Number of protein chains: 4
Amino acid sequence: MKSLVCVKDFEAEAFDVLNKNARNYFKSGADDELTVRKNGEAFSRLLIRPRMLRDVSTRKLKKNILGKSIQFPVGVAPTAFQSLVHPTAEIESAKAAASTGTIFVLSTFSNWSIEDVGNAAPGGRKWFQLFPNTEKKITLDLITRAENAGFEAIVITLDAQNFGKKRDIMREPFKLPENLKMANFEKYQTSDKSAEDIGEFVHSTLAQDMTWDTISWIRSNTNLPVILKGILNPQDAALAVQHNVAGVWVSNHGGRQIDTAIPSIDALPDVVQAVGGKCEVYVDSGIRRGSDVFKALALGADMVFVGRPTIWGIAVCGENGAKRVLEILREELDLTMALSGVADVHDITLDHVQRKKSNAMSKL
Amino acid sequence: MKSLVCVKDFEAEAFDVLNKNARNYFKSGADDELTVRKNGEAFSRLLIRPRMLRDVSTRKLKKNILGKSIQFPVGVAPTAFQSLVHPTAEIESAKAAASTGTIFVLSTFSNWSIEDVGNAAPGGRKWFQLFPNTEKKITLDLITRAENAGFEAIVITLDAQNFGKKRDIMREPFKLPENLKMANFEKYQTSDKSAEDIGEFVHSTLAQDMTWDTISWIRSNTNLPVILKGILNPQDAALAVQHNVAGVWVSNHGGRQIDTAIPSIDALPDVVQAVGGKCEVYVDSGIRRGSDVFKALALGADMVFVGRPTIWGIAVCGENGAKRVLEILREELDLTMALSGVADVHDITLDHVQRKKSNAMSKL
Amino acid sequence: MKSLVCVKDFEAEAFDVLNKNARNYFKSGADDELTVRKNGEAFSRLLIRPRMLRDVSTRKLKKNILGKSIQFPVGVAPTAFQSLVHPTAEIESAKAAASTGTIFVLSTFSNWSIEDVGNAAPGGRKWFQLFPNTEKKITLDLITRAENAGFEAIVITLDAQNFGKKRDIMREPFKLPENLKMANFEKYQTSDKSAEDIGEFVHSTLAQDMTWDTISWIRSNTNLPVILKGILNPQDAALAVQHNVAGVWVSNHGGRQIDTAIPSIDALPDVVQAVGGKCEVYVDSGIRRGSDVFKALALGADMVFVGRPTIWGIAVCGENGAKRVLEILREELDLTMALSGVADVHDITLDHVQRKKSNAMSKL
Amino acid sequence: MKSLVCVKDFEAEAFDVLNKNARNYFKSGADDELTVRKNGEAFSRLLIRPRMLRDVSTRKLKKNILGKSIQFPVGVAPTAFQSLVHPTAEIESAKAAASTGTIFVLSTFSNWSIEDVGNAAPGGRKWFQLFPNTEKKITLDLITRAENAGFEAIVITLDAQNFGKKRDIMREPFKLPENLKMANFEKYQTSDKSAEDIGEFVHSTLAQDMTWDTISWIRSNTNLPVILKGILNPQDAALAVQHNVAGVWVSNHGGRQIDTAIPSIDALPDVVQAVGGKCEVYVDSGIRRGSDVFKALALGADMVFVGRPTIWGIAVCGENGAKRVLEILREELDLTMALSGVADVHDITLDHVQRKKSNAMSKL
């Protein structure tokens, strides 16, 4: 393995080892991919203003999320179809998260089932990402299975009941390899779904009529905490609090759904303000460096999640690759803290980020 | 036909199939083509902040324009000399608009006449774009012919009584092919105008002394609603309302007239404010994606028009090409609505677009 | 001659026909040439918001400058060493200005003398650019000679008593051709200055201790109106008014003196405000298009000047080239007026330029 | 030697003559090197608004720093491991600073010892950069040695107790040449440190638990003035004043520590405001031109320091190279002053820099 020292190195290496089909599926964004680009630029534009002469000889990255500890505040976001990059994909990701001490979120459209993943990483913290199904009984069954397999929370994806328009994939339609299966749905199907109509199948399962009532109904059918993923508008964040969710997950789906959607990190402060501390707030989309994590925390996120980065890790060398990606982010966050005068991850505040309006420069 | 999945694909394909003469004529902008570029960038800079958990299982894109229904709020803007790209150009465009259920606007300088187009697309909604003529009787006759041929509105172009300076065309003067004729003017000419002096002929027909009195005079000579195209300044929009027009069409002529003219979408909000709901407001220039349409509607436009996109469509494969371009924009608008939590096109509001000054980020 | 339709075309053609020495001398800016670039970008960033339905069938570009008429408000700025690009350089420039009906400004370091130029273009309006000399009697003699040769104003350059740092020229020192002579200084020299030490000679003539008293002293020694060229700071503009000058010329010397100096057009509004109509205001630096002229006038300039553009014109084909460059700017200004609804050059106002803070878009 | 007329020329030439190892070590920045780039861009964005008609025939660049005179306000910042580019590196740099009349700052991790440098440049002004050691007695001994060798101040580096993440160096680890030694530490070591573990050795000496008490303790153990280097946050600047330091040095370590740290020049005004004249303020990071020095002084710095520029100078031709780099910066500062109407370096004020909010343009 070449010397891969940052997430971008893993991305470049993954682009080399993956076939076009898999590469396109994971790297693509909607339309002109402006939000994919803006997601990263928005982080780069935020400037760090470090503090000096704090004792940072020992750093603490540990914190509690939904009442239980994680080793560092970077989790693995749900991504579908991981078998495109590795035969035992979700198994690898889940183990990588477990061994680094963070949270793994399993996609409804995983290639290994809820039960497989539950068994593979029994000690790790796992959340289940739920796409409410067109059939209510399937929705409920998925939740029950997640509960039984040791998953600790239900992450409802709000922003992907329709596929974003990924041009590369439309031009050269996505081919599903033989080994790719809708593992969580095998139980509900009589016949094997052929690879050709999987897109159609997936779409057919997605409840288009989801509303806040759907959230209430799900909450009334599980004791697991419910997290809403895909919120960008503070008004929705306020409604989420009213519906007693455990977490609001700020996301534009990595730029894969609406092109020119607001970058997640730019949407975060309003959401944090709207939530007012009444539930946890997470953020994903565009996080590629420890300093990005630092900024997300400074702006009020409780933790962040990464999607593509661990996919590139698995593509390069399975669990070890995903683990190394997570470690790189942990090490970079740790270093950013050390260099910014922050010994404890809880002490990363807005004070460490440039406040454009308050400095003397703005009077020039 | 290659897989053409977005308007840009049609543009690229049209560039391939057209000769330089035709390509230059339609793609060119004035001077350094900065407004051509800024038109697109202005849309890309506007960010969408979607709402979640609205029931978007059925979407409604239909709305009323000038009291009658259209299937979706994207119409075909008038463009001259369409025969440069297709022998039966305006016939194709008009049919494409009719078959998708939207409005076609015929240029005064069309290559097929008012009557030809009226006969070719009898069921479709058609407006007639009028350049007030140096001879008043021709102006009146054109209006009467439009009325008789089933056109429903008169769109007076305000911003093109002189040709914008398109350098490519000046360097390599525009050659008119044999088949290109000033169809609407054949009636008024004794001799055939040779291709060489068509530019001169066109210019000689354009009334340079047009004022608000011209608008009043036209209004007093027709029962058709009158729309003013080419307004960028809110003071003109206010005057338009005072002159009882039916619509104000915000346009910088696709960047073809004044280089560094304000992008149409940036001019829209002031115009909407000045109009105050007293007439309809349309916008063109730079619209290439469904999300652009979404933003124009969010900022207060009643509908949008596209010029070059359907030209590229016709260039690629006539009516079917133009139709596909319109469908792509409809599908992309529909998808943007679905992903933004908007079930009815009337419910696209400013709330879905980033408000820069009101978010917590601006305090950083 | 190729088809040269805009100033940029003349620039490109001049780059082709000139040797490196001459090209470098005229195109270079100071240091990293950031101000050269920013001068142009500042114009491109200003947006035009045209008015419609004004009668623009006849346009008037004529205006009075220092009490006498010019055909259009674009003059020829002083530039030294024009023989680098044409043997009878200043003669050509002066004739071009005269034949188009505008003002020609002769440099102190011209290669043809005050008297030569006076004789060559007797009917044209001419101003003399003065570098106050280290010897007061030479300063006074230059003024007297200008008065006698029919020059109508003294333009004192304030910003070039030292040479800006042009790296290309330092790396490959400027070689003066045989024919290049300091025509205005021949009278004051006993021996011929050799080409090698001309830079040194020029520098030795430049009064470094110039102050506002120098201006008062010059004013007391001539009845010609005095114009100050090189003002960028409104405080200096206010002082200029107190010293009863006839004109303030906003300029950063085309980016040739201080790199990262404020673009002239960005400095203009403050200067106009400080001057408060008590004298005329001119601007140069970065003007390459008629729309640039339009914007300068909208922001309060009485007229503009161009330096490099007419140099490129002379380089390409002498008087005819410079004349064509001036005509292009006149035609483009005329067209911008026509398309912006302005019939008279005096009616170009701030209302035609985008006001960023006042539009509804700014509330988004 | 080629014609090297600006700092960038020296940089390019040094890149040519250095091996990859040395080049990478000195040019690299942290992570994506965004702060390296932003450091320079922040200077380029600041615009100069010169004053005219001041008598600038003689300029004075001399000023007092810590009570003693320097010839011009550009000093040599501390950089470690200079033997990578020249065998007698710090000797050369120190002599260059001495012969141009400015301050040289010796790094704790120099390759020539405190005593060597003291002897080599006895007449020059020298400050000692201190990394507080994990062993207090070494810290104290280093201070005593600096006092004895004629160093006039202790510059405590605050921002580099951990190494910034330089990807190039991680991918191709830094190889130390034979001749490179930790000269100041030889006294404290029994065995020779091998080149391979020097990174480890360096890190082991860096006190990670440094706080404001460390500063108080150092101040109580020396009569030399104490300067804090690496401050970017005005709150730390205020604390520095409370701890009676002699100088606050605004720095992001040339972009080598935290990527996306605020550019030093953008952090300067807040720091100057917080310091309120109670101690001196210096700045480094991104200074490559005399106009950059001019701007730093305009924004309130008492002097500036350059790191990489003199390294490139030494790499090209030892003392003479570094001296030439310093002279270039002095000459460019002198020229910027002359062209901006400033005769004395003390008269460079905010008035010479663009005030964005106060000009008439901002109302457009």
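**View 1. L66(B) sits in the loop between β1 (63–65) and β2 (68–70) of chain B.** Bear in mind for this and every other view that the model is predicted. What catches the eye here is the backbone: L66(B) has a positive phi, about 50 degrees, although it isn't a glycine. As for its surroundings, L66(B) has 19 C-beta neighbours inside 10 Å, so it counts as partly exposed. The cut-off for buried is 20 or more.

**View 2. T260(A) is another non-glycine residue with a positive phi, this time about 70 degrees.** Look for T260(A) in the loop between β8 (247–250) and α11 of chain A. Is T260(A) buried or exposed? It counts as buried, because 27 C-beta neighbours lie inside 10 Å.

**View 3. Here is where chain A meets chain B, with 37 residues from chain A and 30 residues from chain B in the contact.** On the chain A side, the elements giving two or more residues are α7 (167–171), α9 (212–219), β7 (226–231) and α11 (264–275). Which of them gives the largest share? That's α11(A), with five residues. Sorted by class, the chain A side is a mix: 14 nonpolar, 10 polar and 13 charged residues.

**View 4. Chain A goes onto chain B with a turn of 90 degrees.** The shift along the axis is 0.0 Å, and the RMSD of the fit is 0.0 Å. The two copies meet through different surfaces, because only 3% of the interface residues of chain A are also interface residues in chain B.

**View 5. Chain A can be laid on chain D in the same style, by a turn of 90 degrees and a shift of 0.1 Å along the axis.** That is how a four-fold axis relates copies. The RMSD for this pair is 0.0 Å. Once more the copies use different surfaces, with 3% of the contact residues of chain A recurring in chain D.

**View 6. In chain C, helix α12 (residues 290–298) crosses helix α13 (residues 308–340) at roughly 65 degrees.** Their axes come within 7 Å, and the crossing is right-handed. From α12(C), the contact is made by G290(C), S291(C), V293(C) and F294(C). The α13(C) side brings L329(C), E331(C), E332(C), L333(C), L335(C), T336(C) and M337(C). How do the residues of this contact divide by class? Six are nonpolar, three polar and two charged.

Note on methods:
Residues are numbered from 1 along each chain as its sequence is written. Chains are lettered from A and ligands numbered from 1 in the order in which they are written. This is a predicted model: local features need pLDDT of at least 70, side-chain atom pairs count only at pLDDT 80 or more; totals for chains, interfaces and linings use all residues. Copies are superposed by least squares on the C-alpha atoms of residues with pLDDT of at least 70 in both. Two residues are in contact if their C-beta atoms, placed from the backbone, lie within 7 Å. Axes are lines fitted to C-alpha atoms, for helices over the stretch in contact, and angles run from 0 to 180 degrees between N-to-C directions. Helices (H or I, at least four residues) and strands (E, at least two) are DSSP runs, numbered from the N terminus. A crossing is left-handed if the near helix is turned anticlockwise from the far one by less than a right angle, and right-handed if clockwise. Ala, Val, Leu, Ile, Met, Phe, Trp, Tyr, Cys and Pro count as nonpolar, Asp, Glu, Lys and Arg as charged, and the others, Gly among them, as polar. A residue is buried if 20 or more other C-beta atoms lie within 10 Å of its own, exposed if 12 or fewer, and partly exposed in between; C-beta atoms are placed from the backbone.
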